[in-house]
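Hi there,

Here is the structure I promised to pass on to you. Have a look at it first, and then read my notes below.

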Amino acid sequence: MKVKVISRSTDEFTRERSQDLQRVFRNFDPNLRTQEKAVEYVRALNAAKLEKIFARPFVGAMDGHIDAVSCMAKNPNHLKGIFSGSMDGDVRLWDLASRQTVCQFPGHQGAVRGLTASTDGRILVSCGTDCTVRLWNVPLATVTDSDDSSDNSVKPLAVYVWKNAFWAVDHQWNGDLFATAGAQVDIWDHNRSQPVNSFEWGKDTVISVRFNPGEPNVLATSASDRSITIYDLRMSSPARKLIMRTKTNSIAWNPMEPMNFTAANEDCSCYSYDARKLDEARCVHKDHVSAVMDIDYSPTGREFVTGSYDRTVRIFQFNAGHSREVYHTKRMQRVFCVKFSCDGSYVISGSDDTNLRIWKAKASEQLGVLLPRERRNQEYLEAVKNRYKHLPEVKRIVRHRHLPKPIYKASALRRIMTEAERKKEERRRAHSAPGSMPRVPLRKKRIIKEIE
Amino acid sequence: MGVRQEDDINAKIIPPKEQEISDEIEIKVKKYLRGEGANLEVLHDKKLKGQLAVREELYGKSAKAAAKAEKWLMPSEGGYLEAEGIEKTWRIKQEAIAREVDILSRKNQHDIVLPELGPYTMNFTSSGRYMAVAGRKGHLAIIDMKSMGLIKEFQVREAVRDVVFLHNEQFFAAAQKKYPYIYNRDGTELHCLKEHGAILKLQFLKNHFLLASVNKFGQLHYQDVTTGQMVGNYRTGHGRSDVMRVNPFNGVIALGHSNGSLSMWKPTSSAPLIKMLCHHGPVSALAFHSNGHLMATAGMDRKIKLWDLRKFEVLQTLPGHAKTLDFSQKGLLAASTGSFVQILGDFSGSQNYSRYMNHSIAKGYQVRNVLFRPYEDVLAIGHSMGWSSILIPGSGEPNFDSWVANPFETSKQRREKEVKSLLDKLPPETIMLDPRKIGTMRPMRKKEKPSKQERDAEMEAAVADAKNSITRKKKTKGRNKPSKRSKKVQEAVERAKRPFLEEELSQKKKQKISEQSELPKSLQRFVRKTA
């Protein structure tokens, strides 16, 4: 007869000294765990509630400007600094951690319309309505070093005067050229006081310009004739033009998928396009109730932030039709520019009320260094909440956001209007010959024409 | 090119040992997959389909990792008993086993004789470390089974019918003469639950923190022990029932009644979920397997039946009396009556239970209840002269999970676990027959229209029923004229046919309307309606 009985010796299953960690044994057998799905559901519900309890997205405000903030630029080589320009010509470099001004760049006579940093981050380019492009040397010192000279002016490296007011500026991601937008698109070199090249298609002003992160010679511009144009610097003529129904205020390229870009439009939505196929938008991002003023992608390429004229900042997923997060404050007025921080965890918004505000990208994120067990627990809670977030109880909690009354009412009104239009179209279709009214998806509807 | 071909050939020749191992892992993976994958073809939303496909793949990978962990990383192996030659396992006595086994395990084989204080019943905590015993004449005790040390014993000087641990060894509930009481580990009486009344059986639902009891009048009470709220209070309608067991898989309480039927209850409904007729006489014992599919019932009609709970069918009927039944973690079934305990095991894998071991305690000792100790190869028998514990190799789960039940728990771990399990406390609405339904898709309601043949068959069946029901009546005193009888039959047939004909008519109408609707809406008013 062969016999064996379970016998566990205490030493194998308990720790030797009190300094050791407790021993943990795992058995993943589902028979040992009863009702695991119900337990997971309860955990998802609790995780959703906890997330709402810990959701405190506002980090701080940086004040110093005396007029509305019109543009911002981030320096890809320095995580902590951000440049901002205001409507009275004041350009400042801020230190995000201490929320103080590092140094100022006085010089512009009118509004500063565009700011950008060069590829190595040493030179700041600013352009404004006073028809000048100024290049500045960016000081490397931090706030603590330059206590005395913090408010000292930095003399510009170069000032280039040109024929018309400028609306935007952007620097190549991997090169020496930068482009300005005004009456036409001008390509400048750092050392030349005149543009090296100039592009024009039509007689309307070009409002914004953005270089492609992957392809240094490709840039996208938007003009006030409701068009989006894509230029290639190597060819002397523009590549493609797309005319929409309303004006595009800003464009941002996806840093992880450089063939896609998203355009922030006047008709309260953002349109994502594939630059190779411009006849149809890839995705329409709707949630704002007023014109979208600025857009910026996260360095992960998975989400982007938009700031709109309706005093809110929204964060969207790159392929989602609706926003996942909305930030608003009573004190924040019309948002003119937004930037995602270079590590993807903060969002900076510059608005009409002369303040820059720092928000967390994930509202309930714990800042600072998390111990590995804590981090694993947070990841687990996030995963279990995502698994059950489609069920009604959990969905209600996850989706809930407080909106200011004017925006709530405006979005309800927009919903009624679109619903009414849809019904009218359905009735027209029902009363016309079958097949005479083809269904056009919204992605195509807002585009008028594509021109080569 | 030649080298690549060689590589391919080499890749296909896997050494046989590895092939065996990979086959073994394949079988285990099924257990960890927890059922079939979702059917993604029905979805029209491509984005969601893509996301779910990625997730399904992840489940497969995690199931494989769990299967590999089970194969290679488990610290202990299970027990077994193998007979050699013409020896049979059920003839092997406990003394023979004790001779072959180590000292530590021999300690688990013992007899505690307490003759004055009545038949004993006991309960284990979920880790198997602590045992609460209750003697009928009022003896209550908690024992630490690892060190065989008595933690606390006291006399309540009243009849005690049942004892059950709450979520850990700090609290236990005793069913005393008039009401159930909740005691602390130190013997302090914490609560007297007057609402329950004089109860016969107590059960604790671990995930929901519910204390369920059935009393002398056949009333079922559910009380939440964390808030003290009475969650449910139902009259079973079948009178006094001695047999109550909780199904650990889904938290459903099963009661066995004296008319041979079994009813299953949940705290949120006043009517039972299921009522099934099990035995020809009163049901005497009941036990659930931890996988939720298998149930064993024993009745006064000298039968022990094994049920499949998915189809509610009898899988196997075994002869024998059983006053008490219990399933072990590994699926062994212990049945006992009088002073005889038999253990049945399923060794062929096809849910066919056969004799495994037998044990007779001293004649004259009446067994009150048998209970397998979790995570150990031990069976505890509570009888009229105390309690004993015997070794049953292969009955316990050798590998415990520290986060589910840890027999080597320190007090700090116990406190943390208590807090975490309170956070994970399930609401009583989650108790249902199939707990896997939570989080699944609601099935599309597609009423399939029966085909014409089926409809005709149904009509004929209804007509035949009607005819049969009419011809039964035979009137006398001249009222039984054939003409009248045939008229009645005709009327009954017409009544039976009417619903089917109405349905046909309505379907024809619908067809007409759909034909009309092929025209555009604005012209539909001009279609001539043929009556």
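A charge patch, as the term is used here, is made of residues with over 30% relative accessible area and no salt bridge, with like charges joined within 9 Å. Lys and Arg count as positive. Please keep in mind that this is a predicted model.

With that in hand, which residues of chain B gather in a patch of positive charge on the surface? They are B:Lys475, B:Lys477, B:Arg479, B:Lys481, B:Lys484, B:Lys487, B:Lys488, B:Arg495 and B:Arg498. One of them, B:Arg498, is found in helix H8 of chain B, which covers residues 482-516.

It helps to see how chain B is divided: domain 1 takes residues 2-73, domain 2 takes 89-433 and domain 3 takes 458-524. Between the C-alpha centres of domain 2 and domain 3 of chain B there are 56 Å.

Next, the UniProt records, which are unreviewed entries. For chain B, UniProt lists a "repeat: WD" at residues 276-317. That span is 60% strand and 0% helix, and its end C-alpha atoms lie 16 Å apart. UniProt also gives "domain: BING4 C-terminal" for residues 355-435 of chain B. Here the make-up is 30% strand and 16% helix, with 32 Å between the end C-alpha atoms.

Chain A has "repeat: WD" entries in UniProt too, including residues 62-104 and 105-138. Residues 62-104 of chain A are 56% strand and 0% helix, with end C-alpha atoms 14 Å apart. For residues 105-138 of chain A, the span is 56% strand and 0% helix, and the ends are 9 Å apart by their C-alpha atoms.

Finally, UniProt places "domain: Sof1-like protein" at residues 361-447 of chain A. How much of this span is helix, and how much is strand? It is 62% helix and 1% strand, and the end C-alpha atoms lie 31 Å apart.

Enjoy exploring!

Notes. Residues numbered from 1 in each chain as written. Chains lettered and ligands numbered in written order. Predicted model: local features only at pLDDT ≥ 70, side-chain atom pairs only at ≥ 80, totals over all residues. Heavy atoms only, no water. Domains from an automatic or database assignment. Patch = residues over 30% accessible without salt bridge, like charges linked within 9 Å, V, L, I, M, F, W, Y side chains within 5 Å. Areas by Shrake-Rupley, 256 points an atom, 1.4 Å probe, with all protein chains shown as cover. Salt bridge = Lys/Arg side-chain N within 4 Å of Asp/Glu carboxyl O. Charge placed at Lys NZ, Arg CZ, Asp CG, Glu CD. Helix = DSSP H or I, 4+ residues; strand = E, 2+ residues; numbered from the N terminus. UniProt positions renumbered as here; feature names shortened; annotations may be inferred.
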